[in-house]
4 protein chains.
Amino acid sequence: MKDTQDRKPDVGGGLDRVGVTNLKTPIQTTWGGRRYYFTPKVEMTIDLGGDRKGVHMSRLIESITEAVGEGSKKPGRSIEEVERRILDVLSRRHRFRRGEIMMETDMVLQRKTPVTGRKTAEVHEIEVAVSKEGRRYYKRLKVRVLGNTVCPHSMEACGRPHIQRAVGELTVESGYDVRVDLEDMVACVEKSFSAEVYTLLKTGDESRIVEEMHSNPKFVEDVTRGIISNARRKFRGCGIKARTVSNESIHRHDVVAEGSAGGGIHIL
Amino acid sequence: MKDTQDRKPDVGGGLDRVGVTNLKTPIQTTWGGRRYYFTPKVEMTIDLGGDRKGVHMSRLIESITEAVGEGSKKPGRSIEEVERRILDVLSRRHRFRRGEIMMETDMVLQRKTPVTGRKTAEVHEIEVAVSKEGRRYYKRLKVRVLGNTVCPHSMEACGRPHIQRAVGELTVESGYDVRVDLEDMVACVEKSFSAEVYTLLKTGDESRIVEEMHSNPKFVEDVTRGIISNARRKFRGCGIKARTVSNESIHRHDVVAEGSAGGGIHIL
Amino acid sequence: MKDTQDRKPDVGGGLDRVGVTNLKTPIQTTWGGRRYYFTPKVEMTIDLGGDRKGVHMSRLIESITEAVGEGSKKPGRSIEEVERRILDVLSRRHRFRRGEIMMETDMVLQRKTPVTGRKTAEVHEIEVAVSKEGRRYYKRLKVRVLGNTVCPHSMEACGRPHIQRAVGELTVESGYDVRVDLEDMVACVEKSFSAEVYTLLKTGDESRIVEEMHSNPKFVEDVTRGIISNARRKFRGCGIKARTVSNESIHRHDVVAEGSAGGGIHIL
Amino acid sequence: MKDTQDRKPDVGGGLDRVGVTNLKTPIQTTWGGRRYYFTPKVEMTIDLGGDRKGVHMSRLIESITEAVGEGSKKPGRSIEEVERRILDVLSRRHRFRRGEIMMETDMVLQRKTPVTGRKTAEVHEIEVAVSKEGRRYYKRLKVRVLGNTVCPHSMEACGRPHIQRAVGELTVESGYDVRVDLEDMVACVEKSFSAEVYTLLKTGDESRIVEEMHSNPKFVEDVTRGIISNARRKFRGCGIKARTVSNESIHRHDVVAEGSAGGGIHIL
């Protein structure tokens with residue numbers, strides 16, 4: 001007897017993305033020779049033909065479990081390598097033309113403060129996605145980095161700025177084999193703000209950053225253009241998107257600027 | 001002297017979407033001859049050429065204030081009409097090639113319960129967006145409607161289902177003048193679930209709905225195909241997207257199915 | 001036959017709060033002679049004795065529907081009056097010793113900008129709760145207001161501040177009949193920031209606010225003490241809580257300060 | 001010269017909780033002899049006397065950095081031990097009468113599915129807080145566990161249930177030295193649902209769980225009482241709170257039941 005999923009649906013029509021979402025699972029990587037541990041939120045989908053009622057969801061989960069389980073012995077180098085392995089296991093368990101997997105998690109970068117040289121751990125939100133179409137693999141990486149904007153218009157109008165936290169996002173899309181490091185992506189965003197921010201700052205560090213802020217006033221438009229310009233130089237041939245949102249200190253609303261460059265493969 | 005915004009930026013490059021977001025403002029409409037009041041969350045953006053440092057943000061706000069202020073005397077018929085008026089005011093205040101405005105809010109529909117006939121107010125999340133490109137206007141409407149899925153596979157495997165809340169989303173994109181009613185969009189989604197849900201249910205109503213659920217088992221894939229099929233019949237020539245997510249009662253994760261039909265103008 | 005809810009539970013023990021939550025419903029008020037429309041998110045609960053398996057949930061919904069339906073003809077003056085009516089209807093439908101109802105929504109205040117005198121609509125998040133214990137009624141009102149902090153330490157250390165958006169919250173608890181106006185609560189918070197913020201600001205307004213900011217540096221600690229001090233003068237005899245969070249522009253984390261004054265009835 | 005923070009404030013008054021929030025930082029533990037890695041969201045506060053303008057925020061961060069840095073060589077056994085170490089470092093750097101630290105993160109438990117015996121990783125949200133008052137330490141642990149409810153009223157009224165995802169929360173407060181294991185807390189909640197849920201389920205597992213669900217109908221009130229009853233037996237002498245929310249499959253709103261037992265120290 002056919003499984004319910006393999007029957008013909010009452011209402012037909014192919015679907016683009018069918019699978020699991022908001023699933024959390026532990027993974028490991030060995031980036032740069034060190035072991036890293038994440039518990040990302042996962043979305044994993046495949047396309048489904050119009051002749052089949054449903055996807056066998058447990059096979060998606062088994063692919064994650066199997067690839068991640070093997071991974072605990074010999075982890076993938078990067079999150080994208082873990083994701084590619086999961087899609088490869090799934091290829092042997094379930095029919096699909098196009099499969100995608102995306103993970104959202106936090107990345108920790110160890111830094112030193114600019115003046116007093118203290119150690120500080122800086123945490124950024126990241127999203128890493130891999131898609132498989134036939135035999136081709138694509139990837140999309142995204143970082144979300146906190147910084148600030150110092151208003152150049154206010155600086156000119158009254159000699160003093162208003163300042164606020166801003167959030168810069170950079171998305172890079174490319175073929176799977178193109179080298180795109182998350183650390184470099186974070187740097188592209190950090191360098192575009194009025195000043196870099198840190199979790200730990202002693203008075204000397206704080207003064208340096210405040211002075212840097214004031215000597216470097218920027219609109220969100222400037223930050224977004226900076227991110228795009230930095231990313232174009234670093235990630236040649238990739239599709240690039242940038243978005244900056246500032247949590248205005250003189251308004252209740254936020255201000256936003258978005259831009260893009262390069263071609264887009266638009267996975268997910 | 002030139003305003004800071006009108007100067008040449010240090011780093012050039014055109015931007016796709018620059019403006020305000022997470023702004024809340026009160027608006028009114030006169031849909032079907034009755035007056036409706038909303039306090040939507042607004043995102044409003046325009047494109048910006050590579051030769052200008054920034055957008056004059058206060059002109060975006062003034063356009064909202066002016067159009068909504070006039071609107072309190074003679075409100076627009078629909079949210080999309082209010083949005084079109086705002087873009088038209090902005091056209092006279094700020095240069096842009098492409099402008100967009102999107103509002104997110106709640107819509108109330110008055111209903112009766114299926115058996116005992118009690119009055120009940122059903123509230124749905126909606127998103128309404130209008131874009132202006134040169135002299136052309138487009139719109140995109142989205143509804144987010146709660147319902148449920150009753151697992152057909154479990155029904156076959158052990159004679160009993162697992163049941164869970166599901167959320168169905170329908171997005172319709174079209175030219176501004178095409179008739180697309182949010183009430184009809186909600187109906188397209190509601191009819192696709194295993195059963196419709198209500199805020200108020202007495203025992204008789206509850207039993208009817210539970211019976212309807214059990215006689216109508218559906219995967220999220222079935223719900224999504226149902227939404228698309230209903231929307232294609234109702235909104236001919238429009239771009240259609242559907243997404244259903246079920247909050248599984250036997251898993252910690254959710255299950256998702258997405259599909260689309262018709263051409264897409266992909267505003268926003 | 002007894003309803004399932006009225007049976008003895010397998011595992012006994014009284015419960016503090018049983019009811020519905022995340023329910024949205026439209027309500028109206030006639031504050032100051034004008035009609036206002038809200039679609040709040042509602043949580044409504046009662047206590048339950050150890051001898052009864054469950055609460056008759058539909059009676060809670062019916063109480064809302066009935067009180068709000070009557071209200072559309074003759075609305076309550078305030079949200080708290082609407083809530084009290086709902087609890088009174090419930091008293092006739094369901095046994096309870098202590099009942100509570102809370103609504104979360106947005107409040108719009110019409111303002112003028114400080115220099116150019118433009119009209120602007122300012123929207124604040126509010127929470128209004130009423131409890132009934134025997135024949136006594138209590139209320140708790142909360143406002144969440146956006147503003148900013150300008151760092152006095154940085155001002156001293158390097159002559160220039162860092163500035164950021166801050167969110168001030170004020171909660172006032174009292175007997176039902178004590179006069180507590182949400183507008184006054186908003187004013188208590190606004191006056192405590194380095195400067196008030198507005199949705200619409202032309203260049204002249206912006207310069208005034210930026211100057212006010214710089215001449216009025218404040219820690220979150222100062223803002224919280226200011227809110228408490230203002231609220232103690234305005235709302236004598238009431239329980240008062242204040243919380244300020246600043247979205248630091250030089251850090252990835254936020255800074256928080258909480259304080260309280262007066263007795264607390266701690267409803268909800 | 002006195003630091004700005006140590007000056008007398010313009011408006012006086014002691015504050016209850018002043019510090020940092022929404023801070024993310026990596027920590028390690030060695031629970032049960034295995035090493036665990038977390039990147040929790042941290043809130044850390046101390047009280048502040050009315051004679052001092054502000055808290056030296058960077059000392060809070062330094063205490064975290066120092067205690068966690070030492071911890072990478074010799075990690076604390078549990079999250080609460082890491083937190084206690086941080087408060088102890090802070091005691092040497094900053095004056096306070098009462099200090100608190102809370103971490104929110106995800107916990108992974110390795111399980112086997114009930115029939116087919118597959119390995120599956122189950123992830124739960126946890127909150128762990130420690131407070132120090134003078135020389136005394138207290139702790140508060142919280143778990144948030146997903147499960148389901150199967151409506152007993154519908155089962156009686158029409159022979160068939162409606163079923164939905166439910167979320168059970170258990171909070172346990174005690175002196176620092178009382179043994180309270182998060183794994184035991186999760187078990188207290190899981191056993192209280194109509195059935196336990198799993199990330200991976202093959203058809204045999206799914207049928208077993210669906211049958212268990214149907215033979216074990218429960219209101220949210222029953223789940224909450226079950227959690228309290230289980231926790232009272234397991235954690236004698238501790239303060240206990242439980243809250244269950246079900247995402248109703250026949251309604252748009254949720255249903256909630258809260259209860260408590262034992263004394264409360266109410267930290268945070």
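**Entry 1: domains of chain A**

I started with how far apart the two domains of chain A sit: their C-alpha centres, domain 1 to domain 2, are 30 Å apart. This is a predicted model, so I keep that in mind for everything below. The split I worked with puts residues 1-96 of chain A in domain 1 and residues 105-268 in domain 2. Next I looked up what the domains share. Domain 1 of chain A puts eight residues into the contact, and domain 2 of chain A puts in seven. Which element gives the largest share on the domain 1 side? I found helix α2 of chain A (residues 79-93), with five residues. Sorting that domain 1 side by class, I got four nonpolar, one polar and three charged residues.

**Entry 2: two helices in chain A**

I then turned to helix α4 of chain A (residues 182-190) and helix α6 of chain A (residues 220-234). Their axes come within 8 Å of each other, crossing at roughly 145 degrees. I noted the hand of the α4(A) and α6(A) crossing as right-handed. Which residues meet here? From α4(A) I listed A:Asp184, A:Cys188 and A:Val189, and they meet A:Ile227, A:Asn230, A:Ala231 and A:Lys234 of α6(A). By class, I have four nonpolar residues, one polar and two charged in this α4(A) and α6(A) contact.

**Entry 3: chain B against chain A**

Now the contact between chains. I looked up chain B with chain A and found 40 residues from chain B and 40 residues from chain A. On the chain B side, the elements giving two or more residues are β1 (15-24), β4 (41-48), α3, α6 (220-234) and β10 (254-261). I checked which one gives the largest share of that side, and β1(B) does, with nine residues. The chain B side that touches chain A divides into 16 nonpolar, 15 polar and nine charged residues.

β1(B) also turned up when I looked at strand pairing. It pairs with strand β10 of chain A (residues 254-261) over five bridges, in the antiparallel sense. As one spot to click on, I wrote down A:Ala257, which stands opposite B:Val18 in β1(B).

How do the two copies superpose? I can lay chain B on chain A by a rotation of 180 degrees with 0.0 Å of shift along its axis, at an RMSD of 0.0 Å. The same surface serves both copies, with 100% of the contact residues of chain B recurring in chain A.

**Entry 4: chain B against chain D**

I went on to the other partner of chain B that I wanted to look up. Here 31 residues of chain B are in contact with 31 residues of chain D. The chain B side gets two or more residues from each of β6 (119-133), β7 (136-150), α3 (152-158), β8 (163-175) and α5 (203-214). Of these, α5(B) gives the most, with eight residues. I sorted the chain B side that touches chain D into 12 nonpolar, 12 polar and seven charged residues.

Last, I looked up the superposition for this pair. Chain B goes onto chain D by a turn of 180 degrees and a shift of 0.0 Å along the axis, with an RMSD of 0.0 Å. The two copies are thus related as by a two-fold rotation axis. I also noted that the same surface serves both copies, as 100% of the contact residues of chain B recur in chain D.

Key:
Residues numbered from 1 in each chain as written. Chains lettered and ligands numbered in written order. Predicted model: local features only at pLDDT ≥ 70, side-chain atom pairs only at ≥ 80, totals over all residues. Least-squares fit on C-alpha atoms with pLDDT ≥ 70 in both. Contact = placed C-beta atoms within 7 Å. Helix = DSSP H or I, 4+ residues; strand = E, 2+ residues; numbered from the N terminus. Nonpolar A, V, L, I, M, F, W, Y, C, P; charged D, E, K, R; others polar. Axes fitted to C-alpha atoms, helices over the stretch in contact; angles between N-to-C directions. Left-handed = near helix turned anticlockwise from the far one by under 90°. Pairing = 2+ DSSP bridges. Domains from an automatic or database assignment.
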